[in-house]
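These are my notebook entries on a structure that was new to me. I set down what I looked up, one topic at a time.

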Amino acid sequence: EELRWPGFVEFDEVSCRAVTFSAADRTYGIWELANFSLLFRLRDPEIAEVKAAARNALLVVHRRKADAMRVQVLSIADGTSLHDLEHPLSAARVSRIELFDDRLLVQQEGGPIRITDVRTRATFQVAAGQLQAPSSTLHLYERNLFLAVSQRALAVFSLQGDRLLGMEDHTLWCDGESAMSNLYVTTAQDFVLSYCARPNTDRRAGGTINVSSLRTGECVAKLAAGAPLPELADVTALSFSEARSELYVGSRKGSLFVWSLFGVAAGDSREAKPAWPLDEGATPHSPTPSPPHSPPTFP
């Protein structure tokens with residue numbers, strides 16, 4: 001499969017599928033990641049967007065008409081049509097459209113997020129004032145909830161549009177789509193690790209890595225809670241290995257740092273030290289293998 005800009009490839013780890021778009025002939029391809037076989041293609045000049053969603057579903061968005069937009073939900077396994085609906089629209093531009101399980105989330109500029117149950121066509125809405133112009137949303141599919149980033153704050157919402165909780169002691173370093181690169185949600189979707197700003201301090205000092213409960217909103221652990229760590233200045237990417245209990249942090253300077261968090265209890269005030277700095281110009285290498293252990297647990 002040859003792809004050229006503005007073509008793309010998108011991987012979905014939940015369904016173990018990949019979606020490709022060939023700009024040359026405006027064709028979308030759905031691929032099986034287990035053996036990289038092509039499952040099916042979509043060829044329709046009216047299709048505006050295709051994305052993997054809701055475990056085994058594919059969201060197909062058609063070009064909008066004056067006051068409506070056709071939306072299809074297909075089986076990601078073979079392209080069978082599961083749901084087909086016309087979503088009413090105002091004159092404003094559509095700024096967000098997502099499929100979380102059987103709920104279609106649509107937001108237009110200046111308006112709230114509207115939620116439609118694609119099975120029953122029942123509609124819900126995020127109440128005014130509860131979510132101001134979210135820059136990013138993330139489906140917590142194991143819990144039938146979603147996480148929203150708005151004005152450098154995180155909040156958890158139900159799929160009926162109710163705000164369930166916010167994160168305490170928690171101001172993200174940045175807003176917008178880039179905020180999602182500085183977040184890691186655990187497999188059980190009960191904790192989030194995020195790169196946060198220090199309150200009332202010079203941003204040149206760098207931030208902190210907060211571990212927050214997605215069930216209570218409590219901040220249960222924090223890296224660099226005391227003195228600033230130079231390794232946490234200008235962080236651009238964050239990930240975490242639950243199997244190895246290792247935190248990976250990348251910076252704008254092109255450096256990668258790894259912290260081993262094994263043995264550090266939640267809320268411990270000790271500063272973790274970089275275990276494996278990769279400075280600019282250094283030769284990449286693998287960290288020294290550590291003995292198997294269980295991921296850290298938090299109260």
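**Entry 1: Strands and their pairing**

I began with strand β10 (residues 103-108) and strand β11 (residues 113-117), which run antiparallel and are joined by five bridges. The model is a predicted one, and I read every entry with that in mind. I then looked up a single bridge of this pair: L104 has T116 in β11 as its partner.

I next asked in what order the strands of this open sheet follow one another. The order is β9-β10-β11-β12, four strands with antiparallel pairing. I noted β9 (94-100) and β12 (123-125) as the edge strands, each of which pairs on one side only. On average, neighbouring strands of the sheet are turned by 20° against each other, direction ignored.

I also looked up the loop between β11 and β12, where R121 has its place. R121 is not a glycine, yet it has a positive phi of about 70°. I recorded R121 as partly exposed, because its relative accessibility is 39% and the range for that class lies between 20% and 50%.

**Entry 2: A hairpin**

I turned to strand β3 (residues 27-32) and strand β4 (residues 37-43), an antiparallel pair joined by six bridges. Within this pair, G29 has R41 in β4 as its bridge partner. The hairpin of β3 and β4 has four residues between the strands, and there F36 takes a positive phi near 60°.

I added one aromatic cluster to this entry: F8, F21 and Y28 form it.

**Entry 3: A cis peptide bond**

I looked up the bond between W5 and P6 and found it to be a cis peptide bond, with omega about 10°. P6 lies in the segment before β1 (8-12).

**Entry 4: Nonpolar cores**

Which residues have the most contacts inside the largest nonpolar core? I listed L154, V156, L214, L232, L247 and W259, in a core of 38 residues. Strand β18 (residues 191-196) gives the most to this core, with five residues. Apart from it lies another core of 16 residues, including L85, V94, L99 and V118.

I followed L154 further, leaving aside its neighbours within four places in sequence. L154 is in contact with L147, A148, V149, G166, M167, H170, L172, L183 and V192.

I then looked at the loop between β14 (145-150) and β15 (153-158), which holds R152. R152 has a positive phi of about 65° although it is not a glycine. With a relative accessible area of 28%, R152 is partly exposed.

**Entry 5: Aromatic pairs**

A pair of aromatic rings is described by the distance of the centres and the angle of the planes. I noted a count of eight aromatic pairs. For Y184 and F240, the ring centres are 6.0 Å apart and the planes stand at 65°, so I entered the pair as edge-to-face; the cut-off for that class is over 60 degrees. The pair links distant parts of the chain, since Y184 is in strand β17 (residues 183-185) and F240 is in strand β21 (residues 235-241), 56 residues apart.

I finally asked whether Y184 is buried or exposed. Y184 counts as buried because its relative accessibility is 19%, and buried means under 20%. F240, at 9% relative accessibility, counts as buried.

How values were computed:
Residues are numbered from 1 along each chain as its sequence is written. This is a predicted model: local features need pLDDT of at least 70, side-chain atom pairs count only at pLDDT 80 or more; totals for chains, interfaces and linings use all residues. Side-chain values use heavy atoms; hydrogens and water are left out. Two strands pair if DSSP finds at least two bridges between them. Helices (H or I, at least four residues) and strands (E, at least two) are DSSP runs, numbered from the N terminus. A nonpolar core is a set of buried Ala, Val, Leu, Ile, Met, Phe, Trp, Tyr and Cys residues joined through side-chain atoms within 4.5 Å. Buried means under 20% relative accessible area, exposed over 50%, partly exposed in between (1.4 Å probe, protein chains only). Contact means heavy atoms within 4.5 Å. Axes are lines fitted to C-alpha atoms, for helices over the stretch in contact, and angles run from 0 to 180 degrees between N-to-C directions. Rings of Phe, Tyr and Trp (its six-membered ring) pair if their centres lie within 6.5 Å; planes under 30 degrees apart count as stacked, over 60 as edge-to-face and the rest as tilted.
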